[in-house]
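Grab a coffee and pull up the viewer. Here are some exercises to work through, each with a solution you can follow step by step.

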Amino acid sequence: MTQYQVVHCTINGKSCEAVVDVRASLADMLRNNFRLTSVKKGCGVGECGACNVLVDGECFNSCIYLAVWADGKSIRTVEGLTGPNGELSDIQQAFIDEGAVQCGFCTPGFIMSAVEILESGKRYTRDEIRRQLSGHLCRCTGYENIINAVEKTMNRRLGGDE
Amino acid sequence: MFDFRSYAAAASVEDAVRLLAEKPNAVIMAGGSDVLIKMRSRDMSQVDVVSIYGLDELRGIRLEPNGDIRIGSLTSFSHIEHDETVNRLIPVLSQAAGTVGGPQIRNIGTIGGNTCNGVTSADTASTCFALDAIIELTGSEGVRHVPIVGFYLRAGKVDIRPTEIQTAVIIPRDSYENCFGHYQKYAMRNAMDIATLNCSVNVRLNADGAIERARIAYGVAGPVPMRAGSAEAAVCGMPAGEDAAHIFADAAIRDINPRDSWRASKAFRIHIAHELAVRGLTESMRRAGATI
Amino acid sequence: MNVGKSVPRVDAYDKVTGRTQYTDDLCPGDALVIRVLRSTVANGRVLSMDISKAQAVPGVVRIFTCFDVPKLAFPTAGHPWSTDPAHQDVADRFLLTDRPRFCGDDIGAVVAENEVAAMQALRLIEVEYEEYPFVLDAQEAMKDGAPLLHEEFPNNVLGHSSIRIGNYEEAIKEEGLIRFDDWYDTPTVQHCHIENFICTARMENGRIVVTSSTQIPHIARRVVAQALSIPWGDVRVIKPYIGGGFGNKQDVLYEPLCAYICRELGGVLVKLDMPREETFTSTRVRHAIRNHIISYVRPDGTFVARKLECFSNQGAYASHGHGVAAKGMGAFPQLYPCPNVECDAYTVFTNRPVAGAMRGYGIPQAMFAVESNIDDIALRLGMTPMALRKKNLMPVGYTDGFSRNVNYYDSFNQCLDKGAEYIDYYRKHEEYSRQEGNIRRGVGCAAFWYNTAVWPISLESSSCRMVLNQDGSIQLQLGETEIGQGADTAFAQMASDAVGIPLERVHVVSCQDTDVAPFGTGAYASRQTYVGGFAIKQTADILRGKILSYAHELTRMPVEILDLVDGNIIRRTDNQALMTLAELATTALYSLDHSVHITAESTYQVKSNAYSFGCCFAEVEVDISACKVRLIDMINVHDCGSLINPQLAGAQVHGGMSMAIGYGLSEQLQFDPKTGRVLNDNLLDYKLSTTLDHPDLTAGFVENPEPTSVFGTKALGEPPACPGAPAIRNAILNATGVSMNTIPVNPHRLFEAFCKAGLINTKEVN
């Protein structure tokens with residue numbers, strides 16, 4: 001017997017409601033109920049970070065976060081970063097400028113971790129940025145340009161060294 | 001989707017106790033980062049789940065009037081890592097919490113889940129052992145307090161009785177006051193890994209710079225986290241210094257019983273256990289003000 | 001000109017906004033789910049299967065056992081088809097098999113309405129096996145009496161090839177030679193693209209439409225048709241954006257099974273989305289190759305005679321077959337030409353997961369052996385490794401008789417000098433070789449060469465189509481695929497220059513749909529920029545010809561004095577812009593006098609190849625008592641000809657270096673010796689390196705234009721993964737004096753080696 005539950009939450013700033021199977025992960029809900037397909041599934045066990053989203057401002061792997069737990073929470077995905085006319089946020093633009101995108105499958109997850117870093121308003125060292133991004137695996141980029149994109153955007157936002 | 005037979009979310013600790021009484025075989029889910037992953041393996045199917053993830057009353061860290069530090073069981077690793085009280089009074093626990101998985105895992109994983117799954121490699125468990133933590137359990141019979149050493153029964157099995165959930169991890173004042181510690185995780189990579197071996201050391205020096213008390217606990221040195229009592233005894237009263245660190249380590253490896261597995265050989269684990277003991281005590285003594 | 005500029009990727013906007021659609025994103029939610037039942041024995045036969053309990057699970061639609069499917073063998077390698085049966089790939093896979101040859105082999109399939117029902121059903125299928133002994137090691141598998149995997153291949157040898165140059169036996173009689181005899185071993189590793197393998201299938205008007213995360217859509221179409229024994233035209237394969245491939249998706253994996261099940265269920269939409277665990281065990285892996293090198297060297301470092309034996313672990317099925325080991329072996333006598341050489345490569349079936357193509361195709365294994373060996377020999381000769389390298393490296397002007405590849409420039413020395421300067425190699429290597437204490441540093445170097453494309457072993461061709469729009473823009477289509485490397489962007493840059501229109505006027509059709517995409521064999525062999533370049537140039541010339549001839553009709557100016565520059569029809573004699581291409585294109589389509597849709601399409605068959613060169617330098621810090629290596633710095637320097645897009649080229653290099661770091665230090669699939677099962681089939685236990693395991697990576701280039709390429713370009717896709725592991729290993733040798741001859745050089749291996757070398761003393765316990 002399948003059990004369903006209503007989940008009320010805010011997704012990318014918009015108040016939403018969905019009837020979800022209690023067995024569903026947040027990744028399932030975001031992809032299937034809301035077609036937020038930037039949320040990628042790469043491992044199902046919270047190791048690769050491709051499904052990373054912000055829940056109340058903190059990063060979570062949505063593949064091992066129950067959809068029903070999202071009730072009352074504010075969820076953000078990469079889709080929410082783009083402006084109403086398709087304008088890119090600074091971090092998205094930096095990923096392009098720095099050549100941090102290759103196959104693109106890990107990109108949305110990385111960008112959401114970058115958002116948490118940038119919104120903290122703290123100035124992190126390069127090593128600290130590495131640590132903040134260490135929950136993501138990427139097989140294409142060697143991480144180099146991704147770290148550059150995050151570091152440069154942070155410096156631009158905080159002023160100072162580029 | 002996960003293979004649940006049923007799902008119930010507890011609204012309060014009392015509610016959790018009631019739900020567990022109704023479904024004695026239910027799996028308690030805190031952050032889920034262990035349980036949900038186990039469900040992918042073939043042996044866990046049709047699980048009754050009682051989720052306690054929503055119990056915010058079990059989140060947070062409080063300094064009690066008596067000086068004990070009470071950590072709600074659902075406090076996430078990232079909150080422990082960055083908590084002001086923890087960083088001021090037991091930074092070694094912040095250090096340990098900061099080595100778990102990666103940032104996302106530290107956001108979902110809880111100290112309660114880490115100690116309740118009974119796994120020897122748990123990053124915060126060895127530090128809790130070294131700090132003589134007290135585990136608080138709440139069930140239909142009321143509240144129980146169990147020293148963490150007694151809480152671990154065997155690999156994968158802890159002393160949680162039917163209807164009970166773990167509600168807090170308490171670090172007693174005497175176990176941290178004037179103590180300085182160092183946690184080391186030995187793993188194959190610098191993030192997203194489980195420990196091949198881990199080691200938490202803390203030391204209290206007396207006014208003369210001699211070791212008043214040293215404590216050491218390991219993860220993965222045996223089926224459950226463990227203290228190395230002979231090592232602690234061996235250096236008691238010794239002056240802080242390199243000699244103490246080596247005597248400490250020589251004794252420590254006689255207390256432990258790591259096994260050969262595909263993840264690491266026994267000989268390798270013993271070697272690393274020795275190395276971590278030397279480095280752990282040396283760094284702890286340094287943090288306590290000794291010049292080494 | 002756009003070629004040579006770091007223009008942004010054409011697909012970057014969609015990728016940073018999450019709009020890019022991969023296979024699963026294109027699949028409607030009502031697809032039936034396929035899960036494969038996997039053998040739990042490493043070698044045996046399925047005697048019976050009881051599916052009664054599994055069939056009773058609510059939501060289960062159908063269960064296929066190995067006894068239900070047709071017995072029709074098909075090949076899976078992503079090679080161009082050969083019309084000569086002698087050169088066709090070994091056909092040894094079935095849709096499902098009752099004769100499993102590795103843990104994870106495909107013995108059944110469940111189709112269900114959802115993944116939970118499918119998993120429950122898998123759990124409830126009862127399989128009765130007859131178990132046979134199994135073998136995991138290639139050399140063990142070659143012995144008489146070893147378990148035999150395939151009757152047709154005695155001693156499990158799938159392939160054996162040899163190289164003989166000069167007279168080895170005579171040459172070694174020379175007096176005063178020093179003999180070196182060493183073994184180097186490489187592990188089974190996996191590609192670990194972040195998007196797992198996934199495909200879907202549905203039927204449309206009686207034809208099967210497969211959407212797949214593949215590098216090789218046209219080959220997938222052929223193999224699906226062969227596996228189902230239906231006309232090739234009855235299959236349509238769609239390749240959308242894919243989340244990495246690295247060679248794994250250069251095999252046809254589960255497209256045939258998915259298509260078969262779809263057809264058996266009357267053409268409904270089915271999806272086979274492989275869990276990470278099964279991507280590890282049941283897609284493809286890199287060949288573990290053990291190399292044995294014997295060298296006879298004069299005291300001055302001159303190679304007089306050398307011998308190489310390679311034992312390549314193929315796993316349970318032929319896949320790409322002997323080609324990988326043969327390619328690795330072929331690198332040896334060309335990298336360090338020597339007058340007397342004997343090489344033998346054996347590709348051997350074992351009960352491991354199936355080895356196929358993976359970035360580098362045998363060269364990372366070969367370079368680990370060959371380049372480690374150089375440093376080992378140099379140390380024992382008392383020479384510097386660089387001196388030994390430079391003394392023996394492929395000289396300028398060297399020509400390979402088979403591929404006709406020529407070393408046109410002094411690329412090796414240029415690359416080595418650039419890398420050495422960056423890392424301060426000479427000074428550090430000297431200084432680091434005399435260290436004491438627990439923390440020691442080291443620098444290491446390794447070189448490599450790589451082919452571009454597969455000529456003359458196989459067909460090399462590329463087809464291109466350009467379609468002119470009313471606004472003067474074009475659609476650009478190739479059979480060559482974007483798999484993350486940036487091919488689409490490079491193609492757009494080349495097309496923009498070759499046609500003479502602005503870059504933003506080139507619309508690359510990224511998706512290959514075999515119904516409409518020109519034929520191309522796909523992404524492999526670091527071929528696409530090279531071969532695609534020919535097709536783009538040739539097709540652009542045809543398109544320009546048509547445009548200029550139409551311009552002639554409109555302007556009455558002779559074609560010879562017309563040009564198309566930056567989207568304008570130019571009269572070259574006075575540089576006057578006569579009209580825009582948009583005006584011409586609109587007129588051409590709607591003209592009441594002469595209406596024509598201007599398009600061009602052509603195939604270019606490439607009958608050349610090109611040497612791509614490079615090297616890696618690494619600096620490490622070794623904590624001896626902790627058995628830990630910290631990588632401090634790393635640079636790869638490549639001569640891949642003229643760069644099409646320097647930023648994307650640099651990013652490719654970083655990715656290859658990252659793969660090499662894992663290969664050298666941490667990655668390996670581990671097997672249970674008792675059961676043959678993979679022990680670490682997940683991203684926790686399989687140690688892919690994270691952001692915290694990398695130093696900053698530097699990519700350097702030497703740009704000698706490749707004479708055989710219209711754009712001066714050659715291989716860069718795979719080369720970056722080739723030299724890193726031996727460079728790191730040689731840095732550890734420099735730091736500690738210990739030769740680590742098996743990768744990954746992880747703490748476990750360092751512990752054993754340091755104990756043996758007396759660098760650490762093990763503690764006596766109890």
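The exercises below deal with a predicted model, so keep that in mind as you go.

**Exercise 1. Work out whether the radius of gyration of chain C agrees with that of a compact globule.**

Start with the length: chain C has 766 residues. A compact globule with that many residues would have a radius of gyration near 27 Å. Chain C comes in at 27 Å, so the two agree. For the extents, the C-alpha trace of chain C spans about 95 × 75 × 50 Å along its principal axes. Next, look inside: 59% of the residues of chain C count as buried. Then check the contacts in chain C with a separation of 6 or more: 80% of them come from residues 24 or more positions apart. Finally, the secondary structure of chain C adds up to 20 helices and 26 strands.

**Exercise 2. Find the largest nonpolar core and say which element gives the most to it.**

Step one is the size: the largest nonpolar core has 350 residues. Step two is to pick out the residues with the most contacts inside this core, which are Val50(B), Ile52(B), Phe248(B), Ala273(B), Ala277(B) and Phe617(C). Step three is the element: helix H16 of chain C, residues 528-555, gives the most, with 11 residues. Apart from this core lies another one of 59 residues, including Ile51(C), Ala54(C), Val209(C) and Tyr254(C).

Now zoom in on Val50(B). Skip its neighbours within four places in sequence, and its contacts include Ala8(B), Ala10(B), Leu19(B), Lys23(B) and Met29(B).

**Exercise 3. Is Val209(C) buried or exposed?**

First, locate the residue: Val209(C) sits in strand E9 of chain C, which runs over residues 207-212. Second, count: 21 other C-beta atoms lie within 10 Å. The cut-off for buried is 20 or more, so Val209(C) is buried. Third, list its partners: leaving out residues up to four places away in sequence, Val209(C) touches Ala201(C), Arg202(C), Met203(C), Glu204(C), Arg236(C) and Ile238(C). As a last step, jump along the chain to Thr514(C), 305 residues from Val209(C) in sequence; their C-alpha atoms are separated by 9.8 Å.

**Exercise 4. Describe how chains C and B each touch chain A.**

Take chain C to begin with. Here 49 residues of chain C are in contact with 43 residues of chain A. On the chain C side, the elements giving two or more residues are helix H1 (12-17) and helix H18 (646-665). H18(C) supplies the largest share, eight residues. Sorted by class, this side of chain C has 21 nonpolar, 21 polar and seven charged residues.

Then do chain B. This time 21 residues of chain B meet 25 residues of chain A. Strand E1 (4-9), helix H2 (35-38) and helix H6 (103-108) of chain B each put in at least two residues, and H6(B) has the largest share with five. The classes on this side of chain B are 13 nonpolar, seven polar and one charged.

**Exercise 5. Split chain A into its domains and look at where they touch.**

Chain A divides into domain 1 (4-80) and domain 2 (90-158). Their centres, taken over C-alpha atoms, are separated by 21 Å. The contact takes 17 residues from domain 1 of chain A and 12 residues from domain 2 of chain A. On the domain 1 side, strands E3 (52-55) and E4 (58-61) of chain A give two or more residues, and E3(A) has the largest share, three residues.

Key
Residues are numbered from 1 along each chain as its sequence is written. Chains are lettered from A and ligands numbered from 1 in the order in which they are written. This is a predicted model: local features need pLDDT of at least 70, side-chain atom pairs count only at pLDDT 80 or more; totals for chains, interfaces and linings use all residues. A nonpolar core is a set of buried Ala, Val, Leu, Ile, Met, Phe, Trp, Tyr and Cys residues joined through C-beta atoms within 7 Å. A residue is buried if 20 or more other C-beta atoms lie within 10 Å of its own, exposed if 12 or fewer, and partly exposed in between; C-beta atoms are placed from the backbone. Helices (H or I, at least four residues) and strands (E, at least two) are DSSP runs, numbered from the N terminus. Two residues are in contact if their C-beta atoms, placed from the backbone, lie within 7 Å. Ala, Val, Leu, Ile, Met, Phe, Trp, Tyr, Cys and Pro count as nonpolar, Asp, Glu, Lys and Arg as charged, and the others, Gly among them, as polar. The radius of gyration is taken over C-alpha atoms; the globule rule is 2.2 Å times the number of residues to the power 0.38. Domain bounds come from an automatic or database domain assignment.
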